[in-house]
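Colleague: I am new to this structure and would rather understand one part of it well than hurry over the whole. Please choose a single element, look at it closely, and then follow its surroundings outward, explaining your terms as you go.

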Amino acid sequence: VEDAREAVARGVDGIIVSPSDTHRVDHLRRWSESGRPLVMVDRASAGLPTDAVVIDGPTAVEAAVDRLFDLGHERIAIVGEFSPAAEVERLFAALGEGMDGVDAFDFSPSITRLIGYVRAHRRRGIPLDQALIVGSGAYSIDAAEEATARALRQGVVPTAIVTTDNSMSLGAFRAVRASGLRVPEDLSFIGFDNQDWTEFAEPGISVIDQPAYSMGQQAARMLLDRIDGADSPPRIITEPATFIERGSVASRA
């Protein structure tokens, strides 16, 4: 969609897209202004009102952190992309004014999931330790592994880790295994996305499961509605995530 006019000329009636950056959307805006429909999946942009299908990331992570609190964990790390740093600072500035003032769609998916982590701590009255918020700076397995390993080397001692997407999950899990920590005996682990490797790892990884198939169906229906002439205001459909518990979570004695 870099050249909207070319795509229109080639007979493209509409597109479904999962943008890598919810702020840099000029190319998507050009497409939208061409008069052809656009539906976003997994991400919505406050800067580009359009149809979208997303999951309730804050609630999903909040529930996962709550589960760990119920098992006696209090030092819970979260590993996510969390970039740029200015966006994290903007989130915490907004949170300083109260949770109700935060518009989740104004942030990237990893940072919206951080909102759930903060919510769980505040509701339980457990102080936030910013050393436990581990940012990789990139959506990369290697970057997540390096950031997690660096945090562990520097003395960050969590009893559990929650991650914000599959790349972060695999990278963080590799770092934990390389450190010699045992899962779940030394450290409980909850990943994000139910990928094949999470089921076949030893132990099996407990995950927040995104309903990818259902989200794709919803996005396709929304796009076809627009192609058929629907002219209602932009809609954002929020799908719930589910928690799949396997062997990577244990009570903190």
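Modeller: Let us look closely at strand β7, which is covered on both faces: S188, I190 and F192 on one side, and F189 and G191 on the other, are all buried. Buried here means under 20% relative accessible area, whereas exposed means over 50% and partly exposed is in between, with a 1.4 Å probe and protein chains only. Strands (E, at least two residues) and helices (H or I, at least four) are DSSP runs numbered from the N terminus. Please keep in mind that this is a predicted model, in which local features need pLDDT of at least 70 and side-chain atom pairs count only at pLDDT 80 or more, while totals for chains, interfaces and linings use all residues. Residues are numbered from 1 along each chain as its sequence is written, and side-chain values use heavy atoms, leaving out hydrogens and water.

In a regular strand the side chains alternate between the two faces of the sheet. In β7, five of the five residues are buried, so the strand is largely enclosed by the rest of the structure. Part of this setting is β6, which runs parallel to β7 and is joined to it by three bridges; two strands are said to pair if DSSP finds at least two bridges between them. Within this pairing, V162 stands opposite I190 of β7.

The aromatic residues around β7 deserve a closer look. Rings of Phe, Tyr and Trp (for Trp, its six-membered ring) pair if their centres lie within 6.5 Å, and planes under 30 degrees apart count as stacked, over 60 as edge-to-face and the rest as tilted. By this rule the count comes to two aromatic pairs. One of them is the edge-to-face pair of F173 and F189, with 5.4 Å from centre to centre and 75° between the planes. This pair links distant parts of the chain, as F173 belongs to helix α7 (residues 166–179) and F189 to strand β7 (residues 188–192), 16 residues apart. F173 is buried at a relative accessible area of 6%, and F189 is buried at 0%. F173 also forms a tilted pair with W197, at 5.8 Å centre to centre and 40° between the planes. Because F173 lies in helix α7 and W197 in helix α8 (residues 196–200), this pair ties together parts that are 24 residues apart in sequence. F173, F189 and W197 thus form one aromatic cluster. At F192 the neighbour is a charged one, for R113 lies over the face of this ring, at 4.1 Å from the ring centre; a charge sits over a ring if NZ of Lys or CZ of Arg is within 6 Å of the ring centre and within 35 degrees of the ring normal.

A further approach to β7 comes from T159, which is placed in the loop between α6 (141–153) and β6 (160–163). T159 is buried, with a relative accessible area of 11%. Residues up to four places away in sequence aside, T159 touches H73, E74, R75, D186, L187, S188 and R252, where contact means heavy atoms within 4.5 Å. With H73 the side chain of T159 makes a polar contact through the side chain, at 2.8 Å; a polar contact is a pair of N or O atoms within 3.5 Å, and within protein one must be able to donate a hydrogen and the other to accept it, while residues adjacent in sequence count only if both atoms are side-chain atoms.

For comparison, consider β2 (residues 38–41), which is joined by three bridges to β1, the two running parallel. In β2, L38 and M40 point one way and V39 and V41 the other way, and all are buried. I16 stands opposite V39 of β2. Three bridges also join β2 to strand β3 (residues 51–55), again in parallel, and V41 stands opposite V53 of β3.

As for the wider setting, the protein chain has nine helices and 10 strands, and buried residues make up 49% of its 253 residues. Among contacts between residues at least 6 apart in sequence, 69% join residues at least 24 apart.
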